[in-house]
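Work through the exercises below with the model open beside you. Try each task before reading its solution.

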Amino acid sequence: MSDIANVDKKTYDYLMEEPPERWARSCSPQRRYDMLTTNIVESMNSVLLEARELPILRMMDFIQVKLQHWFYERRNKAEGTFYDVSCWVEEELKNRIDLAFTLNESWLKTYERQIHHVGHTDSWIVPESVKSQIVKPPDFKVPPGRRQKKRHIPATEPSKITFKCGRCRRIGHNRTTCIYSLALHPFSRKHREE
């Protein structure tokens with residue numbers, strides 16, 4: 001805070017008007033989520049992927065046009081909305097209410113059966129044919145090595161691991177094997193062939 005005060009006293013005074021838990025995530029007593037943790041710089045970075053290679057003035061024009069387009073779209077949506085909340089929140093609330101009604105039926109079905117009291121073992125009626133049987137655990141040899149903690153994924157189940165290129169943002173390869181980017185990586189296959 002002393003560094004901020006040295007750079008700009010007005011900003012320091014503005015921040016000190018509110019308690020730190022209102023504007024600093026590290027001081028917040030609750031876990032902040034959704035809109036409050038969205039990193040606007042990273043969001044804009046992903047939007048500017050196609051304009052990143054442009055000269056600075058062309059990039060500024062691109063940003064201006066993109067913002068104008070967003071504001072125009074959202075202003076038109078807001079003018080046509082008659083709710084107290086945004087269209088996205090209204091749709092989200094509606095979906096959750098619909099889901100809650102379907103879960104109510106499932107909830108009732110979950111607990112509709114009765115669980116009967118087993119009683120003490122003295123009151124159990126066990127046939128003699130069952131009493132006379134000796135049940136042993138199955139033979140099992142413990143394999144050497146450390147036990148596997150993660151579930152083994154069978155070959156029939158699709159893998160959830162997907163590779164995404166850091167250059168062209170396409171799925172299925174990484175940036176060293178990318179053939180769609182204009183700038184070639186020195187270790188890429190295409191670069192080695194030339």
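The exercises cover the fold, the salt bridges, the cysteines and the surface patches of this predicted model.

**Exercise 1. The fold**

Task: Find how many helices and how many strands the protein has. Then find what share of its residues counts as buried.

Solution:
- Step 1. Count the elements. The protein has seven helices and zero strands.
- Step 2. Read them in order. From the N terminus, the run is α-α-α-α-α-α-α.
- Step 3. Turn to burial. The protein has 194 residues, and 7% of them count as buried.

**Exercise 2. A salt bridge in helix α2**

Task: Lys 9 forms a salt bridge; name its partner and give the distance. Then place both residues in the fold.

Solution:
- Step 1. Find the partner. Lys 9 pairs with Asp 13, and their closest N and O atoms are 3.1 Å apart.
- Step 2. Check the cut-off. A salt bridge needs the nitrogen within 4 Å of the carboxyl oxygen. The 3.1 Å between Lys 9 and Asp 13 meets it.
- Step 3. Place the pair. Both residues belong to helix α2, residues 9–16. They sit four residues apart, about one turn of the helix.
- Step 4. Judge exposure. Lys 9 is partly exposed because its relative accessibility is 48%. Asp 13, at 34%, is partly exposed too.

**Exercise 3. Further salt bridges**

Task: State how many salt bridges the whole structure holds. Then describe the ones made by Arg 22 and Arg 96.

Solution:
- Step 1. Take the total. The search of the whole structure gives four salt bridges.
- Step 2. Look at Arg 22. Its side chain meets that of Glu 18, at 3.4 Å from N to O. Arg 22 has a relative accessible area of 56%, so it is exposed. Glu 18 is partly exposed at 38%.
- Step 3. Look at Arg 96. Its side chain meets that of Glu 92, at 3.3 Å from N to O.
- Step 4. Place this pair. Glu 92 and Arg 96 are in helix α5, residues 87–110. They are four residues apart, so about one helical turn separates them.
- Step 5. Judge exposure. Glu 92 is partly exposed at 28%, whereas Arg 96 is exposed at 56%.

**Exercise 4. The cysteines**

Task: Explain why Cys 165 and Cys 178 are not bonded.

Solution:
- Step 1. Recall the bond. A disulfide joins the sulfur atoms of two cysteines covalently.
- Step 2. Find the distance. The cysteine sulfur closest to that of Cys 165 is in Cys 178, 3.7 Å away.
- Step 3. Apply the cut-off. A disulfide needs the sulfurs within 2.5 Å, so the 3.7 Å gap is too far for a bond.
- Step 4. Check the total. The structure holds zero disulfides.
- Step 5. Compare exposure. Cys 165 is buried at 1% relative accessibility, whereas Cys 27 is partly exposed at 39%.

**Exercise 5. Two surface patches**

Task: Which residues make the nonpolar patch, and which gather in the patch of positive charge?

Solution:
- Step 1. Take the nonpolar patch. Met 1, Ile 4, Met 16 and Trp 23 make it, and it covers about 350 Å².
- Step 2. Place one member. Ile 4 lies in helix α1, residues 2–7. At 32% relative accessibility, Ile 4 is partly exposed.
- Step 3. Take the positive patch. Arg 52, Lys 164, Arg 169 and Arg 175 gather there on the surface.
- Step 4. Place Arg 175. It sits in the loop between α6 (128–131) and α7 (189–193). Arg 175 is partly exposed, at 40% relative accessibility.

Terms used: Residues are numbered from 1 along each chain as its sequence is written. This is a predicted model: local features need pLDDT of at least 70, side-chain atom pairs count only at pLDDT 80 or more; totals for chains, interfaces and linings use all residues. Side-chain values use heavy atoms; hydrogens and water are left out. Patches are made of residues with over 30% relative accessible area and no salt bridge: like charges are joined within 9 Å, nonpolar side chains (Val, Leu, Ile, Met, Phe, Trp, Tyr) within 5 Å. Accessible areas come from the Shrake-Rupley method with a 1.4 Å probe; for residues, only the protein chains shown count as cover. Lys and Arg count as positive and Asp and Glu as negative; His and the chain ends are not counted. The place of a charge is taken as NZ of Lys, CZ of Arg, CG of Asp or CD of Glu. Helices (H or I, at least four residues) and strands (E, at least two) are DSSP runs, numbered from the N terminus. Buried means under 20% relative accessible area, exposed over 50%, partly exposed in between (1.4 Å probe, protein chains only).
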